[in-house]
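Please open the structure in your viewer and keep the sequence beside it, so that each selection can be followed in both. The stops below go from the whole chain to single side chains.

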Amino acid sequence: GSAATGAGATGAGATDAAEAGAKAGAGEEEVASWRDLMQSLVDSNDTPALKTGLPLLHMYTSNLIRDPKNPRFKRISTANLRFQQNVKVLVGAVELLKSVGFVASGPYLEYRPSSSPDNGKAKEKGKGNEKETEKEKGKEEGAEAGAAEGAAVEGQMEGHMETLSMVVSAVKGVIDDIRASGGASKPTLRLPPVESEEASEGKGDEASEGKGAIAEGTEG
């Protein structure tokens, strides 16, 4: 069990490091932050305001999930009338966007996960990618010179995708709840359960042990 796991982890090398970095991008601190902001968003705004503002918030975040490299989806104009009338007026909406990687830049909110105050361990993913890129510099020093920075930024973006997916799901759930009630009642926020990596691994070990016991019983 544990010995096999250790051998597998050692053999995986850079692949394991990259996967760990991606998981770290949605670490507990960042998840807790967006959860608190999402709960505050629902609690602090009335249903009519949520009904008109959340669809636009959902569009901003879901577009990034669909096409994270599209520059059109990485910039929100805060001067846009729809943004001002539907999103900016929502208490906590801008803070929620900032928690998942948007930063204020003049008249825009730009998606820059590397500059986000909540990027947390997401930087580890970028650093891992940067180190892997540096290993290749000996072969093509000139070609690889700018690749390290690009790999780091891309890694940080990947680290935020899991959190963005949870935000999109939570916002969509509130929108659906409002539609189901016709806007007659306060919507219910349904958040995915927080589960640590250690707990997930523990469940996996328990399941493996259970299967082993069943197999031994069958053989007996």
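Begin with everything selected: buried residues, meaning those under 20% relative accessible area (exposed is over 50%, partly exposed in between, with a 1.4 Å probe and protein chains only), make up 35% of the 220 residues in the protein. This is a predicted model, in which local features need pLDDT of at least 70 and side-chain atom pairs count only at pLDDT 80 or more, while totals for chains, interfaces and linings use all residues. Residues are numbered from 1 along each chain as its sequence is written, and side-chain values use heavy atoms, with hydrogens and water left out.

Now colour by secondary structure, where helices (H or I, at least four residues) and strands (E, at least two) are DSSP runs numbered from the N terminus. The protein has 10 helices and 3 strands, and along the sequence they follow the pattern α-α-α-α-β-α-α-β-β-α-α-α-α.

Next, select the strands, which form an open sheet in the order β1-β3-β2 with antiparallel pairing; two strands pair if DSSP finds at least two bridges between them. The edge strands, each pairing on one side only, are β1 (75–77) and β2 (102–105). Between β1 and β3 (residues 108–111) there are 3 bridges in the antiparallel sense.

Stay in the sheet and show the side chain of Arg-75, which stands opposite Glu-110 in β3. Arg-75 also lies over the face of Tyr-108, at 4.1 Å from the ring centre; a charge counts as over a ring if NZ of Lys or CZ of Arg is within 6 Å of the ring centre and within 35 degrees of the ring normal.

Then turn to the largest nonpolar core, a set of buried Ala, Val, Leu, Ile, Met, Phe, Trp, Tyr and Cys residues joined through side-chain atoms within 4.5 Å. Of its 33 residues, Met-38, Leu-41, Leu-54, Leu-57 and Phe-102 touch the most other members, and the largest share, 9 residues, comes from α9. Zoom in on Met-38: leaving aside neighbours within four places in sequence, its contacts (heavy atoms within 4.5 Å) include Leu-96, Ala-170 and Leu-191.

Finally, which aromatic pair joins helix α4 to helix α5? Select Tyr-60 and Phe-83, both of which are buried. Their ring centres are 6.3 Å apart and their planes are at 45°, so the pair is tilted; rings of Phe, Tyr and Trp (its six-membered ring) pair if their centres lie within 6.5 Å, and planes under 30 degrees apart count as stacked, over 60 as edge-to-face and the rest as tilted. Tyr-60 lies in helix α4 and Phe-83 in helix α5, so the pair ties together parts that are 23 residues apart in sequence.
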